[in-house]
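Here are some notes to read alongside the model, in the order I would walk through it with you. I have kept each point short.

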Amino acid sequence: MAGIGFELRRLLQKESLSGKLQAYVFSAVIGSGPWVLSIVAILAIAVLSASGQGGSVFVSTFQVSLTYLMAFSLILSGLLQLMFTRFIADRLFDGHTDVVLPNLFGALLLTIAVSGSLALLAVTFWLGGSLFYRATMFMAFVILNAIWIVVIFASAIKAYKKVLLVFLIGYSVTVAMAYLLRSLGVEGLLMGFVIGQAVLLFSLLSMVITAYPSNGLLAFGFLQKTQIYPSLIATGLFYNLGVWIDKFIFWLHPDTGVAITTSLRASPIYDLPIFLSYLSLIPGMAVFLIRMEADFAEHCERFFSTIKNGGSLRELQQAKEALVESVQAGGLMTVIKVQGAVTLILLVMAGDILPALGITDMDRRILNLHLIGVALQLLFMSVLNVFYYLDKRGDALKVCLIFLLSNATLTGLLMPLGQAYYGLGFTLAMALTAAVSLLMLTRRLKFLEYDTFMLQKLD
């Protein structure tokens, strides 16, 4: 995402309120635009398709089906996504852009083969429903896994407006096709989703092909022994599984989950509050991109450039102090202030807004806990981002494992105590993970010079 920082810095250099406002709006759109578009599209499909006999039933099935597709595709693609991102970043850094496209095709072939095989097993032996329903679920799962790989390049190609336009077109097609095929029931809505996501996938792919032309067709350089990072593979799995593990627990528990189909379950009392709480991250994501991806990325590059260019000890200390300042005061503290203010406002105003949306008092209590939890999750994501920049893969792995285990354990222990404790496990897990992450980051920044000079391999 550091490529986005160049555009953000250009906007921030304008010594005017409008320039800074443009930077924050641009950051919010880039950071949350595709995500918000997907939410709006799914809601639009639900509204347009809910009318008519049985409409609300198959709309509910459609939404739960999409939730499962998103969850399992993110978990599966997470095994490759971070490692492949590292491989592409290294190739762009050393100037070997000609190998990018062939390796992308190789990664897509691997992703399609693995996701297709697992999806085939799932629709054959686990997933119920008609043949048409299972076929659309199969296609949607494979396409989503491919999108999560291609979207890695969304920031690298630096055509942010085009990327947003592609997402807008893709989800517009999704809504339009789902509306046209709604007479076919949940299968029609899913087929519309498949068509729209296919348009999105091939549109993103065409942008990558244009940005990184190559004479090669297929390569698997990212699977070479020297390019495989087991820690990144495990980190991607632990993080994505940690995000979804509390939802799985609530879906599967007989007291909180309900059967939507013969195979799929949901937890309405838990799913709606967590869905709404994630929308609160839009302002925080804007600040996250500006402070962490623009300011910190610049200071991080300056610190390591000082080392590579043989800077003096004083220059190195100054570069380190600027880097630490950009992380602590400029980055993390700003994220905490902005997201903390947004969370506080929502907690206070929820009593006036939520009743109009049909939210019960119990939903509100769960939502309040989730608002705090997702704010802590944004703080954790910020720290995790610094670990990636500093190449502290071991630290990233440890905190993601803590996140997964604490979320699973605390949710499992607190949920049987009653509705008053719903969501508390997730929030406490995020508090623990964020605290441990901050302590580890503080130590890393304190001994940054030692780690940089003394822990390098000698030729």
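1. Let me begin with the side chains of Arg444 and Asp395, which meet in a salt bridge at 2.5 Å, N to O. Arg444 belongs to helix α15 (residues 424-446) and Asp395 to helix α14, so this pair ties together parts that are 49 residues apart in sequence. Please keep in mind throughout that this is a predicted model.

2. Are the two partners of that bridge buried or exposed? Arg444 counts as buried because its relative accessible area is 19%, under the 20% limit. Asp395 is buried as well, with a relative accessibility of 4%.

3. How many salt bridges does the structure hold? The count is six. Beyond the pair above, a good one to look at is Asp391 with Arg86, where the closest N and O atoms are 2.8 Å apart. Asp391 sits in the loop between α13 and α14, while Arg86 is in helix α3 (residues 55-93), so the contact ties together parts that are 305 residues apart in sequence.

4. Asp391 has a second partner to show you: Arg393 forms a salt bridge with Asp391, and their closest N and O atoms are 2.7 Å apart. Which residues are linked in a network of salt bridges? They are Arg86, Asp90, Asp391 and Arg393.

5. For members of this network, the accessibility values are worth having at hand. Asp391 is partly exposed at 33%. Arg393 is partly exposed too, with 23% relative accessibility. Arg86 has a value of 21%, which means that it counts as partly exposed, since buried requires under 20%.

6. The backbone of Asp391 also deserves a look. What is its phi? The angle is near 60°, a positive value in a residue other than glycine. Most residues other than glycine have a negative phi. The residue in question lies in the loop that runs between α13 (361-389) and α14 (393-414), so if you inspect backbone angles, Asp391 is one to open, with its positive phi.

7. Turning to internal space, there is one cavity of 30 Å³ or more. The largest cavity holds about 30 Å³ of space. Its lining includes the aromatic side chains of Phe250, Tyr270, Tyr421, Tyr422 and Phe426. Thr411, Leu414, Met415, Gly423, Leu424 and Gly425 are also in the lining.

8. Which elements give two or more residues to the lining of the largest cavity? They are α14 and α15. Of the elements, α15 gives the most, with three residues. These are the two helices that the Arg444 and Asp395 pair connects, with Arg444 in α15 and Asp395 in α14.

9. The make-up of the lining may interest you as well. Eight of the lining residues of the largest cavity are nonpolar and three are polar, with no charged ones.

10. Finally, to the surface. A nonpolar patch of about 540 Å² is made by Leu109, Leu217, Leu218, Phe220, Leu223 and Ile228. Leu109 is found in helix α4 (residues 100-125). With a relative accessible area of 45%, Leu109 is partly exposed, and it can join the patch because members need over 30% relative accessible area.

Definitions and conventions: Residues are numbered from 1 along each chain as its sequence is written. This is a predicted model: local features need pLDDT of at least 70, side-chain atom pairs count only at pLDDT 80 or more; totals for chains, interfaces and linings use all residues. Side-chain values use heavy atoms; hydrogens and water are left out. Patches are made of residues with over 30% relative accessible area and no salt bridge: like charges are joined within 9 Å, nonpolar side chains (Val, Leu, Ile, Met, Phe, Trp, Tyr) within 5 Å. Accessible areas come from the Shrake-Rupley method with a 1.4 Å probe; for residues, only the protein chains shown count as cover. A salt bridge is a side-chain nitrogen of Lys or Arg within 4 Å of a carboxyl oxygen of Asp or Glu. Helices (H or I, at least four residues) and strands (E, at least two) are DSSP runs, numbered from the N terminus. Buried means under 20% relative accessible area, exposed over 50%, partly exposed in between (1.4 Å probe, protein chains only). On a 1 Å grid over the protein atoms alone, a cavity is a set of points where a 1.4 Å probe fits but cannot get out, and a pocket is an open set with protein on both sides within 12 Å along at least five of seven lines; lining residues have an atom within 4 Å of a point. Grid points are joined across faces, edges and corners, and a volume is the space filled by probe spheres set on the points. Ala, Val, Leu, Ile, Met, Phe, Trp, Tyr, Cys and Pro count as nonpolar, Asp, Glu, Lys and Arg as charged, and the others, Gly among them, as polar.
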